[in-house]
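This report describes a protein model with a bound metal ion. The reader is invited to consult the sequence and the coordinates alongside the text.

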Amino acid sequence: MKCDRCSELIAPGDERDHFGQNLCEDCYIDAISPIKTCDPWAVHSAKNFEKHSGDERMLTSLQSEMLRILKEDGPMEPTALLEKIGGDIGLKDLEREFATLRHMEKARGEKQDQKVFWRLW
Ligand SMILES: [Zn+2]
């Protein structure tokens with residue numbers, strides 16, 4: 001008997017039935033193994049997608065709020081932003097969030113007349 005895939009001769013009794021095909025051992029193993037896909041483009045797009053959508057997903061609600069205020073009201077001093085946000089957060093918390101935003105190139109500090117203003121990147 002011959003293998004339906006590779007046409008190798010199969011010793012009687014060694015053939016494997018796979019959906020009605022008579023396969024040799026090698027082809028049978030090949031047929032039942034999970035399909036291995038090598039698609040560099042798919043991986044590439046997935047990475048790109050992550051890169052573009054990742055930032056928004058990673059923003060905390062506080063960070064989003066900071067960006068929203070800076071966008072609507074323009075550059076302002078950290079203390080002014082803190083006042084606008086209100087709540088229980090302290091300036092240190094705000095500065096930590098700001099550092100993250102700066103790292104993401106979403107916001108940055110700017111010096112004006114000895115004062116530091118935070119603004120969108
Ligand atoms: Zn075969």
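The sections below treat the overall fold, the metal site, the nonpolar cores and several individual residues.

## Overall architecture

The model is a predicted one. The protein contains 5 helices and 4 strands, and their order along the sequence is β-β-α-α-α-α-α-β-β. Of its 121 residues, 24% are buried. When contacts between residues at least 6 apart in sequence are considered, 34% of them join residues at least 24 apart.

## The zinc site

Four cysteine sulfur atoms, the SG atoms of C3, C6, C24 and C27, are the protein donors of the zinc ion, at 2.2 to 2.3 Å from it. In sequence, the spacing of these donor residues is C-x2-C-x17-C-x2-C. C3 belongs to the segment before β1 (16-18) and C27 to helix α1 (residues 25-32), so the pair ties together parts that are 24 residues apart in sequence.

The arrangement is tetrahedral because the 4 donor atoms subtend angles of 106 to 118 degrees around the zinc ion. For four tetrahedral donors, the ideal angle at a metal is 109.5 degrees.

The donor residues can also be described by their accessibility. C3 is buried, with a relative accessibility of 3%, and C27 is likewise buried, at 11%. C6, by contrast, is partly exposed, with a relative accessible area of 34%. The number of disulfides in the model is 0.

## Nonpolar cores

The largest nonpolar core comprises 16 residues, and those with the most contacts inside it are M66, L81, I85, L94, L101 and W118. Two or more residues of this core come from each of α3 (61-73), α4 (78-85) and α5 (91-103). The element that gives the most is α3, with 5 residues. In soluble globular proteins, nonpolar side chains tend to be buried together.

L94 illustrates the packing. Not counting residues up to four places away in sequence, L94 touches L62, M66, P78, L81, L82, I85, I89 and W118. Apart from the largest core lies another core, of 5 residues, which includes C3, I10, L23 and C27. Two of the zinc donors, C3 and C27, are therefore also members of this other core, as buried residues at 3% and 11% relative accessibility.

## Selected residues

The table lists the accessibility of individual residues together with their location.

| Residue | Location | Relative accessibility | Class |
|---|---|---|---|
| Q63 | helix α3 | 3% | buried |
| H18 | strand β1 | 13% | buried |
| R119 | strand β4 (residues 115-120) | 25% | partly exposed |
| S7 | segment before β1 | 46% | partly exposed |
| Q114 | loop between β3 (107-112) and β4 | 73% | exposed |

Q63 is a polar residue in helix α3; which backbone nitrogen lies 2.9 Å from a polar atom of its side chain? That nitrogen belongs to T60. Beyond four places in sequence, Q63 touches M58, E97, T100, L101 and M104. One of these, L101, is among the residues with the most contacts inside the largest core.

H18, in strand β1, is in contact with L23, Y28, A31 and I32, its neighbours within four places in sequence being left aside. L23 is also listed among the residues of the core of 5 residues.

R119 lies in strand β4. Its C-alpha is 6.5 Å from that of G74, although R119 and G74 are 45 residues apart in sequence. With neighbours within four places in sequence left aside, R119 is in contact with L70, P75, A107, R108 and E110. With E110, R119 makes a side-chain to side-chain polar contact at 3.2 Å.

## Backbone conformation

Most residues other than glycine have a negative phi, and most peptide bonds are trans. S7 has a positive phi, near 65 degrees, and is not a glycine. Q114, also not a glycine, has a positive phi of about 70 degrees. S7 is placed in the segment before β1, whereas Q114 is placed in the loop between β3 and β4.

Key
Residues are numbered from 1 along each chain as its sequence is written. This is a predicted model: local features need pLDDT of at least 70, side-chain atom pairs count only at pLDDT 80 or more; totals for chains, interfaces and linings use all residues. Side-chain values use heavy atoms; hydrogens and water are left out. Donors are N, O and S atoms within 2.8 Å of the metal (3.2 Å for Na, K and Ca); water is not among the atoms, so sites may look incomplete. Four donors count as tetrahedral if all angles lie between 85 and 135 degrees; four count as square planar and six as octahedral if opposite donors are over 155 degrees apart and all others between 65 and 115; anything else is irregular. Buried means under 20% relative accessible area, exposed over 50%, partly exposed in between (1.4 Å probe, protein chains only). A nonpolar core is a set of buried Ala, Val, Leu, Ile, Met, Phe, Trp, Tyr and Cys residues joined through side-chain atoms within 4.5 Å. Contact means heavy atoms within 4.5 Å. A disulfide is a pair of cysteine sulfur atoms within 2.5 Å. A polar contact is a pair of N or O atoms within 3.5 Å; within protein, one must be able to donate a hydrogen and the other to accept it, and residues adjacent in sequence count only if both atoms are side-chain atoms.
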